[in-house]
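Here are three short exercises to work through with the structure open beside you. Try each task before reading its solution.

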Amino acid sequence: MTGPLIVQSDKTLLLEVDHEKAADCRRAIAPFAELERAPEHIHTYRVTPLGLWNARAAGHDAEQVVDALVSFSRYPVPQALLVDVAETMARYGRLSLLKHPAHGLVLQTTDRPVLEEVLRSKRIQPLVGARIDPDNVIVHPSERGQIKQALLKLGWPAEDLAGYVDGEAHPIELHQEGWHLRPYQEHAIDGFWHGGSGVVVLPCGAGKTLVGAGAMAKAQATTLILVTNTVSARQWKAELMRRTSLSEHEIGEYSGTRKEIRPVTIATYQVLTTRRKGVYPHLELFDSRDWGLIVYDEVHLLPAPVFKFTADLQARRRLGLTATLVREDGRESDVFSLIGPKRFDAPWKEIEAQGYIAPADCVEVRVDLTDAERLAYAMAEPEERYRFCATTDSKRRITESLVHRHAGEQTLIIGQYIDQLDELGEQLGAPVIKGETSNAQRERLFDAFRAGELSVLVVSKVANFSIDLPEATVAIQVSGTFGSRQEEAQRLGRVLRPKADGHEARFYSVVARDTIDQEFAAHRQRFLAEQGYAYRIMDAGDVLAAGGEEELGGV
Amino acid sequence: MTATSPRTLADELRSRSDAELAGLLRARADLLSPLPGDLSQLATRAGTRASVLRALERLDTFTLQTAEALAAAPQPCQYPVLAALLPGGEEQLPGALATLRARALLWGRPEGLRLVRTAQELLAPSAARPSGTGLGPTLAETASGISPSRMQDLLARTGLPPTHDPVSALAALAALFTDPARLGDLLAGAPEQSLSVLDRLAWGPPYGEITARPGPHLRWLLDRALLMPTAPGTVVLPREVALHLRGGRAHRELHPVPPEPTARAVYEPAAVDIAAAGAAGAALAVVEEMLGAWERETPAVLRSGGLGVRDLKRLAVTLDVSEPDAAFWLELAYSAGLVAADGEADERFAPTPDYDVWREQPPGRRWVRLATAWLAATRVPGLVGSRDAKGRLLAALGPGLDRGPAAELRLATLRLLAGTEPGHAPDPEAVARRIRWELPRRLPEEPRARMCAATLAEAELLGFTGRGALASFVRPLLDGGAQDDRAQDDRAQDDRDREGEAAARLAPLLPRPVDHVLVQADLTAVAPGPLLPELRQAMALAADVESKGAATVYRFTPGSVRRALDAGWTAAELHAFLAARSRTPVPQPLTYLVDDVARRYGRLRVGAAGSYLRCEDEALLDEVLADRRTDGLRLRRIAPTIVVSASPPDTLLARLREFGLAPAAESTEGAVLTLRAEPHRTPPRTAPEPAPDAPPGADETLLSAAVRAIRAGDHAALDTPRAPGGRTPGGRVPDAAGPPPRTPAATTLRTLQAAARSGALVRIGYVGADGLAAHRVLSPVRVEGGFVTAFDHTADEVRTYPLHRITGSADAGQ
């Protein structure tokens, strides 16, 4: 009766992290339970069908799951939950996708009524061909992803045993000179490789690029890397050239400006989803080479059309990389069925504890609006309200004051509204990077920032992702995309790259008090709070009154 | 028993000991009420059909099979004969016979066993009621309607010598059929097809249908009495032949031994107890949550009794359980007397005062109360949502859910679990099979299986079992009801002791309540176990519940903090509460949240006032407030320049003027009202109706009708002198005898209208308040709006009759 785990009837698991058996318990439940919240004392995991099937796919059986729950639980585990676990897990593997010597791909069952049931579904019917015998149905190889997706929705996930094509071989080596893969990166690479395909979840700044590079070195094959934007593509390229045996001419960039197809090609989501006259002209990129590996960077942002193409690529190994599997559109199950299950996950705080990402101090600064601003806010049109309170003058003043306080530190100011950013840039004499800034200009500014020539940079949401700015130590968020949780996580990620001097990073979120801005901020912060990044809340007056940085940090 | 064999059941009962008789009365409680006068009466009552049926329903399969075999055997039956009918059951037979004897279904010495006649009739095979044995009637019974010549014919065909009367013929045939060797010889000569017919009928049902011209193989059997006709087109296999074909067995499958409940899984007994205690704890939480919810929002009682479907759905959502489970918890609380209808005019369900008592008890006791209520309950929650024989929906807490055998079946099932090794979880199928063996006649197959499954499911929910095996702390509850002769008081005391023991055994297994929560920076608080009641109430007030179970996860939100402030907490109290109850340091965001909500809380104030007093000159207001004469106006200053009063504006105005002040009234828009009040007016009114003491004058038609009527009455009076002191309508109404006239409504209307115009007399049939049609003679005045106004000669006054009660009309003639 003294286990670290409490099993709730709503299928959440509460893990007391300070318990002596907490680490063992975490290892036992990690294969099947999703870490939902990781604040300081009690972590919450959730047992979902997806997670249980994930565990089945990884070779765990219901017995192990039940045993883990029962043996670590402090209180008796509700019998109904155990029964449900066993029943859910038993649903996996009744159907499997196999290679058939004569018919190509077949859907095979060990339980005929299940096959009957799914074949009667309207979603499945168009995806299957003739029934070879009572247990086997032909599936067109191009429907492999679609049928997996549809079967998952029906609650009968298929085990994909049809294997992968090796793709065109291409030698890739990691050059581990003066650096080494971190242990968790190696775990992530191994986890992915054994599973065949899947998603690796690592915090921002924890070196996801190297996990990609490591996977490429395992695959030894031509690789297609999909990234969010051109700057990110260039960073990938630079990183690959630095860390692997690949030379510049082996890595191609496929973006709005350049269309190179090389053994390792880095393409942007934007160019892939460009639509002309109703067709996606750049889709042939997927077929242009016999790719052995496809890497999806920032998989939580994967645009819907790319999901569709991915469905056709089920015979290729797929690696998804992300900091948060939270998708604002709720398509997590599509990621599971099309890219693959989560193969590796590490709580942010754990990696911080190992020293691989910088510790961060998150502060929410509550700004009191002036009476005039409050009146104007109260009278603003509903659709204009957020914009109004997010861009008030009071916020600008406190932002400037924060910048001055951190003078000499590499500071990023991140915001949503261009007018506001322009104004801030003007007041602070800092350059502004926004959508219309050319790629060359962006790179020039980022380089200057990295080199320390520039200490303050104002950026719009173009810099949310994949911009490697290791020396940024202070980030000030002045406005955001409403309540987007993953955006908040990404923005914090900008300052989490470990600092040369082990310096603590600081993340400010400037919020207008008693407005909708405050509500959105609370929603945005939830993910990070659940990852253990507790926000301190300060009044703007205290910030202004604080004599110096020491005082500010010591609150 | 004495050496002489008893002649009747009563005789035998007389020879039984008191303990044996007490055993009989205990097993067949229906014999007790009313108390029989003597043993003959007891024997008679024990032989009534209803009582015997009740007794048979409570027999296990083998005892019932023994009784069936006995019913198929000749009476009185010798023990060896009976034993031969039940091959394989020799070992258990004495026990079964003892049970039958103890229940007074059987009497007589072993060389002359007799089944009580009613039981014999109920169990013996007959055409109307097939027996469990599948045997047919005896040869003698089938031969009752056969002609003597046919009898002799049968004798001749079977190769027996002719006899001189049917009785001896039948005896000869019966002797042949009960002699295996000779019957075997006879059957040896049978054609192949005939034998297959016999085989088909041998194990029952013994009846077959034949055509009017049966084939030669059937003829062969019919001619030898191996098949006997029962009705045109139907034949039966005589019992003696069937028994021969079966090798003497009364049943195809004899079940002398109850099927063992096989174990589905075996767990550590300690693990079972912990799992069951977990469920028991959850059960207490669910019942408390359910009744707690009904403290505030009491659902209405349907007019037909019970709880509405929507309320049940809402409850299921509140409790986060399925609807059938919600119905189970409700019925459980109802059976335990914790919830009931309040009996008001607008009847609603609410927790009972007993609930408050129950809530104060220690958890072990609370659970035992639920457990004992469940053990004894005859209400079947599984029926909620189904329809009764009349198609009415059965509602939770409503009528029609009681099923007599439910408690008995439940106890049988649980005793069965109690009989297995600790930690053994029996296979539910095996349990169902065993229960069927134990009580084969108690309920039809399907409801019994359903109740059995429901018992197992409910036992798991309630914590009687953990992972399918019976928990050890339940056993004392099931040991009860031991059949002994102790006094009622002793037994009640014993029950209390056993309940106390169960509670004591359960208590240490229940999760210990915790007195703290863990507050985290993401504004959640986790209670790592069941909270102490007052802490739970406080947390429920200050935070929203996010996840329930053994632990509870709370989340603090601005809304929840505001709720706490609304309930009278102050921010400081909240801080102190959190600091005291949180085992972890209270995170800064939570402290900030509380302060932030408290800062905004109550900045706007709302109150009621009758009028206000506004003045730019604060000194003047000071003066007004200081004036002692204004005490009665209940003035309160809410701002330097504003004073409110509970009095209406006109009073305030008047009083202030009395003090020599010169206030001006303001309209709702703030404009100064001119002081001259509008002249007072009532709402629109009509003038009163005059009320003269004479009736209003009649109109012309009425008058002429009255005159006509008076004349008509005069005519009548002239013809027949009026009897003194009263009217004799018969004399005045022409042709009043005979049935009242019946005409179609249209004709009636036409006649009446014509009479109203012409002033003629009309005779009508009128259905009075007593429902009987009577004659009336009218002089109609007006026919309108479905009424006829007329001078009624029968009553001597002007009356109004509704047309629909007039059966018809006829010309009254003169």
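**Exercise 1.** In this predicted model, find which residues have the most contacts inside the largest nonpolar core, and list what A:V200 is in contact with.

*Solution.* Start with the core itself: the largest one holds 166 residues. Inside this core, A:V200 and A:L492 have the most contacts. Next, take A:V200 and set aside its neighbours within four places in sequence; its contacts are then A:A188, A:F192, A:V211, A:L319, A:L321, A:R343 and A:F344. Finally, look for a second, separate core: this one has 75 residues, including B:V286, B:F349, B:L370 and B:L477.

**Exercise 2.** Describe the side of chain B that touches chain A: which element gives the most to it?

*Solution.* First count the participants: chain B brings 26 residues to the contact and chain A brings 24. Then go through the elements of chain B: α16 (269-296), β13 (524-527) and α29 (588-600) each supply at least two residues. Of the elements, α16(B) gives the most, with six residues. Lastly, sort this side of chain B by character: 15 residues are nonpolar, seven polar and four charged.

**Exercise 3.** Work out how helix α16 (residues 382-390) of chain A and helix α21 (residues 516-530) of chain A are oriented, and which residues join them.

*Solution.* Begin with the axes, which come within 8 Å and cross at roughly 85 degrees. Angles of 65 to 115 degrees count as roughly perpendicular, so α16(A) is roughly perpendicular to α21(A). Now find the residues: α16(A) contributes A:R385, A:Y386, A:C389 and A:A390, while α21(A) contributes A:I516, A:D517 and A:F520. Sorted by character, the residues of this contact are five nonpolar, no polar and two charged.

How values were computed
Residues numbered from 1 in each chain as written. Chains lettered and ligands numbered in written order. Predicted model: local features only at pLDDT ≥ 70, side-chain atom pairs only at ≥ 80, totals over all residues. Core = buried A, V, L, I, M, F, W, Y, C linked by C-beta atoms within 7 Å. Buried ≥ 20, exposed ≤ 12 C-beta atoms within 10 Å, placed from the backbone. Contact = placed C-beta atoms within 7 Å. Helix = DSSP H or I, 4+ residues; strand = E, 2+ residues; numbered from the N terminus. Nonpolar A, V, L, I, M, F, W, Y, C, P; charged D, E, K, R; others polar. Axes fitted to C-alpha atoms, helices over the stretch in contact; angles between N-to-C directions. Parallel < 35°, antiparallel > 145°, perpendicular 65-115°, else oblique.
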